[in-house]
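The following exercises practise the reading of a protein model. Each task is followed by a solution that proceeds step by step.

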Amino acid sequence: MEKLKNWMVDSANILFDDSKNDLRSLPRSVRLQILLVLSFIWTTVFSLYIFSYTTFAFGWAGLFIAHIGLIFAVYMTFKQFHRAEAQSTSVFKAKNYDPFKIMIIVFVIVFIFVFSKGIEVLNNTNSYTIKYDGPDKTAAEKWLPFTQKKKDK
């Protein structure tokens with residue numbers, strides 16, 4: 001179990017530790033942009049492979065938002081853990097209720113909701129609950145009243 005833990009920590013450090021990944025010479029904003037572009041690419045590839053045409057937009061949007069959320073959540077978690085090591089004071093003792101921390105909690109809740117909606121889209125075979133038998137009139141029948149000349153009264 002310790003090997004798995006060490007492997008996961010090393011994998012996460014490759015992505016998010018500034019001193020260990022190959023992008024360390026780039027500015028932080030550029031590194032974040034690269035991660036977001038990669039999540040966009042992988043989301044699109046996965047969505048094209050998995051979803052049908054009718055569920056593609058919802059599945060892609062859910063996956064892309066989930067990727068962005070995952071990147072920010074992991075990044076912020078690592079940053080908070082590194083800061084906590086540097087200064088080990090409890091939030092409750094310091095009375096430091098930062099609005100950013102509250103926003104992170106709300107974001108995690110929204111992330112869980114988006115992820116669960118993506119799973120729901122994956123599990124649905126048909127997104128319509130009402131059976132559709134087609135239109136009542138054909139296109140020609142709908143257009144016919146507009147093509148006839150009106151009689152003057």
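**Exercise 1.** Determine which residues make the nonpolar surface patch of about 570 Å² in this predicted model.

*Solution.* The patch is made by Val37, Leu38, Phe40, Ile41, Trp42 and Val45. Take Leu38 as one of these residues. Leu38 is located in helix H2, which covers residues 28-50. Its relative accessibility is 39%. A residue counts as buried under 20% and as exposed over 50%. Leu38 is therefore classed as partly exposed.

**Exercise 2.** Compare the span of H2 with the expected span, and name residues of H2 that are buried.

*Solution.* Begin with the length: H2 consists of 23 residues. From the first C-alpha to the last, H2 reaches 33 Å. This is close to the 33 Å expected at 1.5 Å a residue. Turn next to burial: Arg31, Leu35, Ser39, Thr43 and Ser47 of H2 are buried.

**Exercise 3.** State how many aromatic pairs there are, and describe the geometry and the setting of the rings.

*Solution.* The count comes to one aromatic pair. Phe40 and Phe64 form this pair. A pair of aromatic rings is described by the distance of the centres and the angle of the planes. For Phe40 and Phe64, the centres are 5.6 Å apart and the angle between the planes is 85°. Planes over 60 degrees apart count as edge-to-face, and the pair of Phe40 and Phe64 is accordingly edge-to-face. Phe40 lies in helix H2 and Phe64 in helix H3 (residues 56-86), so the pair ties together parts that are 24 residues apart in sequence. As to accessibility, Phe40 has a relative accessible area of 40% and is partly exposed. Phe64, at 19%, counts as buried, because the cut-off for burial is under 20%.

**Exercise 4.** For Ala61 and Val114, give the separation in sequence and in space.

*Solution.* Along the sequence, Ala61 and Val114 are 53 residues apart. In space, their C-alpha atoms are 9.2 Å apart. Ala61 belongs to helix H3. With a relative accessible area of 28%, Ala61 is partly exposed.

**Exercise 5.** Describe the protein chain as a whole, including the confidence of the prediction.

*Solution.* The protein chain contains six helices and zero strands, and its pattern along the sequence reads α-α-α-α-α-α. Of its 153 residues, 14% are buried. The mean pLDDT of the chain is 76, and 82% of the residues score at least 70. Confidence is lowest in helix H4 (residues 91-94), with a mean of 62, and highest in helix H6 (residues 139-147), at 81.

Key. Residues are numbered from 1 along each chain as its sequence is written. This is a predicted model: local features need pLDDT of at least 70, side-chain atom pairs count only at pLDDT 80 or more; totals for chains, interfaces and linings use all residues. Side-chain values use heavy atoms; hydrogens and water are left out. Patches are made of residues with over 30% relative accessible area and no salt bridge: like charges are joined within 9 Å, nonpolar side chains (Val, Leu, Ile, Met, Phe, Trp, Tyr) within 5 Å. Accessible areas come from the Shrake-Rupley method with a 1.4 Å probe; for residues, only the protein chains shown count as cover. A salt bridge is a side-chain nitrogen of Lys or Arg within 4 Å of a carboxyl oxygen of Asp or Glu. Helices (H or I, at least four residues) and strands (E, at least two) are DSSP runs, numbered from the N terminus. Buried means under 20% relative accessible area, exposed over 50%, partly exposed in between (1.4 Å probe, protein chains only). Rings of Phe, Tyr and Trp (its six-membered ring) pair if their centres lie within 6.5 Å; planes under 30 degrees apart count as stacked, over 60 as edge-to-face and the rest as tilted. pLDDT is the predictor's confidence in each residue, from 0 to 100. The expected span of a helix is 1.5 Å times one less than its number of residues.
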